[in-house]
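Thank you for coming, everyone. Please have a look at the structure on the screen, and then I will walk you through a few parts of it.

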Amino acid sequence: QTTQEMASSVGLEMSSQRSAADAEEDGSEELLPSRRSDSIVVTKTAAVQCILLFSGLVVLAALAVIVISLLLTNPSLAQRATGSPQTHSPEMDEYDSCITQFTRPQYAYLEDSYDSPPNNALLIRRARVFTSNKNLEILEEADILVENGKISAIGKDLKIERGREIRQIEALGRVVTPGLVDAHSHLGVWSFPTDLWANFDVNEKTNPAMPQVRAVDGLNPTDPAIGLIRDGGVTTSQVLPGSSNVMGGEGVQVKHRVGARTVKDLVIKGGRRLLKMACGENPKRIFGRDRKETPISRIGSAWVMRNTLSKAQALKQAQDAFCNTTTAEEKTPPSPPSSLRNLELQPLVNLLRGSALVHMHCYTVSDMEMALRVSQEFGYQITAFHHALEAWMVPDMLARANVSVTTFSDMWGFKVE
């Protein structure tokens, strides 16, 4: 007998003995056949379940071996699958080195950053200091020491080296706050006075999709608005292209440094790459109503967005295929062919790779939903919806999507979106 047959026989015999004893006790011998039948069915079912469970475990083990083999042979796949940095192997370094060939330096000659001002130290005495720490503490009668253009110390009765020359201001309880950050500005690309055509460099209104243009290339470091903005307490601004285009181009982050004369003086070294896109009324008015071109509607704007992103996705896939092939065959990746370099689409490829942020002009719930659908279709993260006057209606949707809101401080009701 096989093991299965022996197990069935033993189970049947034991079941029969228990059934006979039960029947003898209650005088219901007519129940015995049915009980024996039930025992046979239960025993066979258990055996089948054991066989199926064992087979399933074998299949799962085989799949696990295949997946582990793929991850071990393709480290870049492991990194993308987990979404977290992996220990770099030479193959991954070569792949990354290959990919970086497609992305030009963000600001070329601006990479050296702003030269720090001379060490004209400043000490503010006995101020009421609003902090930006986690608990938003307010410090009374506090001193602030500024060195090399940055705050170096905050506290009560700060000690200064004897004989050191330092400018001091007696605040006498006046309020000192951290510098404000403006996440949506057009300073420098739409300079004062704004009614002069010579000062209008905020939109390239020649095509609804212009991801390749850069705000830094039109930035006017002598814009009179910069001083007014700084005097209002704003020390840092994110300068974005306007919202006439569905895809308006790359933005830039700047610091309102006193005495800045050049773009290099303003631009923050190491600032994130970022793109500006727009939903709603602006693109369909500028291109549809005024020029009788696509988009003339919201559905046209969505198509422009998806169509351009699909081209960028194809370019990204071609770049990945090239780098995966060459890094597997050669220690030093060769220069990629010109067909894989595309200044118009590379900013969007950077977005799809997660190396660039995107900020979106969207007022209404329907526009925000459309933007989220497209981002999910192409696999990128929206950093923030700007203006977003109907965001209050869908906080749960925005929280699930992990999207921030950058809205107006004033001047919010000047048009219907």
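How many bridges join strand β1 to strand β2, and do the two strands run parallel or antiparallel? Strand β1 (residues 122-130) and strand β2 (residues 138-147) run antiparallel and are joined by 6 bridges, where strands are DSSP runs of E with at least two residues and helices are runs of H or I with at least four, both numbered from the N terminus, and where two strands pair if DSSP finds at least two bridges between them.

Before going on, I should say that this is a predicted model, in which local features need pLDDT of at least 70 and side-chain atom pairs count only at pLDDT 80 or more, while totals for chains, interfaces and linings use all residues. Residues are numbered from 1 along each chain as its sequence is written, and side-chain values use heavy atoms, with hydrogens and water left out.

Within the first pair, Leu-123 stands opposite Leu-145 in β2. Strand β2 is also joined to strand β3 (residues 150-155), again antiparallel, by 5 bridges, and Val-146 has Ile-151 in β3 as its bridge partner. Between β2 and β3 lie the 2 residues of a hairpin, and Asn-148 in that turn has a positive phi of about 55 degrees.

Turning to helix α8 (residues 298-329), we find Thr-308 there. Thr-308 is buried, with a relative accessible area of 11%, buried meaning under 20% with a 1.4 Å probe and protein chains only. Leaving aside neighbours within four places in sequence, Thr-308 is in contact (heavy atoms within 4.5 Å) with Ala-209, Met-247, Leu-345 and Leu-348.

Definitions and conventions. Buried < 20%, exposed > 50% of the residue type's maximum accessible area, 1.4 Å probe, protein only.
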